[in-house]
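Work through the exercises below with the sequence and the model at hand. Try each task before reading its solution.

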Amino acid sequence: MSEWESIPSDLPAGVSQLENQVAGHTAAQGCLGLLKAASDGTILKPTGKVLCGIREIAFYERLEEARQQQHKQANGDANHHLWTVLCQVVPRYFGHPKLTIDGKVVEFVQLEDLTEGLKWPCIMDVKIGRRTWDPLATPEKRRAEENKYKACRQRFGLCIPGFQLYSVRDGGTLIRHGKDYGKKLTEDNIRDAFLLYLNATEDGRVSRLLLEQFLHDLHLIRDWARKQTMFRLYSSSVLLVYDAARLVEPNRSELQRESLTNSHGTRSVRARMIDFAHAFPTESSEADTVDENYLQGVDSLVDIFEQFLATGQSIDDGSVLKPVAKLLAGPREIKFYEQIEKATGEQKELVLLRELTPQYRGHQKLPIGGELIEFLKLEDLTQGMLEPCIMDVKIGRRSWDPIATEEKRRYEASKYAESREAYGFCIPGFQFYSLQTGRLQRYGKEYGKKLTEVTVKDALRRFLNADGGLCRQQLIQFLTDLWNIQKWARTQTSFRLYASSVLLVYDARRLKPVLLHAGKKTPRTPNTPTPTSTSGASTPSTPTFCTTSINELGDVEPLQHYFKIQRSHSTNHNFEEDIKTIKENYTFMLDNLVGSYEEKIWAKARMIDFAHTFPLMPTEPPGVDRNYLEGIDNLVKLFEDLLKDCEIQNSPRQGVA
């Protein structure tokens, strides 16, 4: 807590306590808080602890140096452009003066007042990052930080310590919410907090212009975060500011751009990066890597605002919007999804496909950046997942379609050559939450292009968080879907799929307790006779299922919550036969797994991307799509091999029955 036990009484002439502070150490908490300079449109922020102040001043000084140079020719610094971008999304810096307050000399950072000229300033502090403690934090500090705003940080990588708004619906009534409100926010209600702050109408609609102007700045911040490798930002915030008085118009749905400027003619809607007391240079062990901790939070913030803009409503209905490709590919994909959706019992191939693809929810055109963009609306496969891990596996050795130009064919054939040659598929990208570090890790095209026959397996194990051991439950859930896709590909003869993918999705939050408690207790099994060999050695048999299992707290739960395949290990380790038995019984297994707890399935595979799906050409011989089938067969085989490894990992010592 601050050394100030009450609001300072002896403030120097020309400064006053800032009334609009919504987070941080405030006067209401007995701290000095932010001060406002009466005449020059600036605020004074106390530097706080010595090292924190030194770091923050150094950051602003370096930024100001870049600001002075941004109109000159680049000085050869590879990061010159990133500093220039940063200048656009950070409040202007005016030095670090010292003032004497109540007999104490206090150093401040003097910054632009973003609320200057606003009649009804609406302000929200969004703290960015799942991790907020810096490398110098004590264990006690780390524990305290990790316990705050847990639900929002784990899911979105951000939290809301405080905000204020002037409610247009209530005639300009000031509403303020602080830390206690922010700590109660979860995945289910955080969007309501943003809608409240944005002065949404009763039916949940927000001014499109307001969203667009916020997104202008948020896109700059996100683009910067996606490229910069210089810093790691801990406990930094994005400050959202706008003037609610500008929303009081006869027709709010047709606001003019000029209506959201302040009295000085500058934009009154702004998102700005603030709080750099815990900005650290990137360590050498992480050189040339982006700040994933910060990026996750910014990505989530942009996603929330883009969802409001795209849907025009307050309800997150578990959908994603995929931009439709231009020219022929877009209409082709829409047509294919509509065929799947409308398929009847006679169209067995399409009826089966409906179970293997995200649910199709139509298509719509939305104005984005002044242009009408068409989107496919599809089921969000990560809905409800706290730590979604996602891998895109593009299926097929050949990815160019029949109408591709020769140039396009050569280009496509040159990409991911080694993995495609070996397996008939490639991995353009994936992300996962590491159980070892707790951090989100992303791997993109450059990583995927380097994968070989050997390292593809390493990539799969990395994605599956297999460092701590393979998880049978996770593998079986994936294989249940992959076997269904494989079965469809082995029988369908109507279509040829090019550049189509299988999306693998699981929740790392659900994986962790399963691995943690594996083998700690022996669940009860049904009293069903198990065949044994006359020699006394156990033989592979139909998998039996435990009726109970252990949840995250160590309590016993019904079968449908968690399941574990119980198998008898033969002395010969006949895993090929076991896989065959499991596969033959996977439908039964899935029925037992789901029951009335369908949401307990936390790993799934779905077919996506049909912009280059063509009906069988008249010149082609009838038959299955060998190009697609080869890729899915090899993907299934790799997962079956992982399941065998998992069985070996969990098998008794050689010679023990």
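## Exercises on a predicted model

Arg509 has a relative accessible area of 25%, so this residue is partly exposed. The model in which these exercises are set is a predicted one.

**Exercise 1. Find the salt-bridge partner of Arg509 and decide whether that partner is buried or exposed.**

Step 1. The side chain of Arg509 meets that of Glu387 in a salt bridge, at 3.5 Å from N to O.

Step 2. Glu387 sits in the loop between strand E15 (371-379) and strand E16 (388-395), while Arg509 belongs to helix H16 (residues 508-517). The two residues are 122 residues apart, and the pair links distant parts of the chain.

Step 3. The cut-off for a buried residue is under 20% relative accessible area. Glu387 has 8% relative accessibility, so this residue counts as buried.

**Exercise 2. Describe the salt bridge between Glu64 and Arg92, and say which parts of the chain the pair ties together.**

Step 1. The closest N and O atoms of Glu64 and Arg92 are 3.4 Å apart. A salt bridge requires a distance within 4 Å, so a pair of the right atoms at such a distance qualifies.

Step 2. Glu64 is part of helix H1 (residues 50-69), and Arg92 is in the loop between helix H2 (80-88) and strand E4 (98-101). The pair therefore ties together parts that are 28 residues apart in sequence.

Step 3. Glu64 counts as buried because its relative accessibility is 14%. Arg92, with a relative accessible area of 33%, is partly exposed.

Step 4. Over the structure there are 33 salt bridges. Some residues are linked in a network of them: Arg226, Glu292, Asp299 and Arg442.

**Exercise 3. List what surrounds Asp481, including its salt bridge and its contacts.**

Step 1. Asp481 is located in helix H15. With 14% relative accessibility, Asp481 counts as buried.

Step 2. Asp481 forms a salt bridge with Arg606, where the closest N and O atoms are 3.0 Å apart. Arg606 lies in strand E25 (residues 603-608) and Asp481 in helix H15 (residues 472-491), so the bridge ties together parts that are 125 residues apart in sequence. Both Arg606 and Asp481 are buried.

Step 3. A polar atom of the Asp481 side chain lies 2.9 Å from the backbone nitrogen of Ala605.

Step 4. Leaving out residues up to four places away in sequence, Asp481 touches Ala603, Lys604, Ala605 and Arg606.

**Exercise 4. Give the strand order of the open sheet of five strands, and name the helix that packs on the sheet.**

Step 1. The order is E8-E7-E6-E10-E11, with antiparallel pairing.

Step 2. At the edges are strand E8 (173-177) and strand E11 (270-274), each of which pairs on one side only.

Step 3. From one strand to the next, the twist averages 15°.

Step 4. Strand E6 (residues 121-128) and strand E7 (residues 158-167) run antiparallel and are joined by five bridges. Asp125 stands opposite Gly162 in E7.

Step 5. The helix that packs on the sheet is H7 (residues 208-227), which touches strand E10 (236-243) and E11. The direction of H7 makes about 30° with that of E11.

Step 6. Ser207 is in the loop between helix H6 (190-197) and H7. Ser207 is buried, with a relative accessible area of 7%. A polar atom of its side chain lies 3.2 Å from the backbone nitrogen of Leu210.

**Exercise 5. Why is there no bond between the sulfur of Cys152 and the closest cysteine sulfur?**

Step 1. A disulfide is a covalent bond between the sulfur atoms of two cysteines. The cut-off used for the sulfur atoms is within 2.5 Å.

Step 2. The closest cysteine sulfur to that of Cys152 is in Cys159, at 7.4 Å, which is too far for a bond. Cys159 is likewise in no disulfide.

Step 3. By this rule the count of disulfides is zero.

Step 4. Cys152 is buried, with a relative accessible area of 1%. Cys159, at 0% relative accessibility, also counts as buried.

**Exercise 6. How many helices and strands are in the chain, and what share of the residues is buried?**

Step 1. The chain has 19 helices and 26 strands.

Step 2. Of the 657 residues in the chain, 52% are buried.

Step 3. Among contacts between residues at least 6 apart in sequence, 75% join residues at least 24 apart.

Note on methods:
Residues are numbered from 1 along each chain as its sequence is written. This is a predicted model: local features need pLDDT of at least 70, side-chain atom pairs count only at pLDDT 80 or more; totals for chains, interfaces and linings use all residues. Side-chain values use heavy atoms; hydrogens and water are left out. Helices (H or I, at least four residues) and strands (E, at least two) are DSSP runs, numbered from the N terminus. Buried means under 20% relative accessible area, exposed over 50%, partly exposed in between (1.4 Å probe, protein chains only). Two strands pair if DSSP finds at least two bridges between them. Axes are lines fitted to C-alpha atoms, for helices over the stretch in contact, and angles run from 0 to 180 degrees between N-to-C directions. Contact means heavy atoms within 4.5 Å. A polar contact is a pair of N or O atoms within 3.5 Å; within protein, one must be able to donate a hydrogen and the other to accept it, and residues adjacent in sequence count only if both atoms are side-chain atoms.
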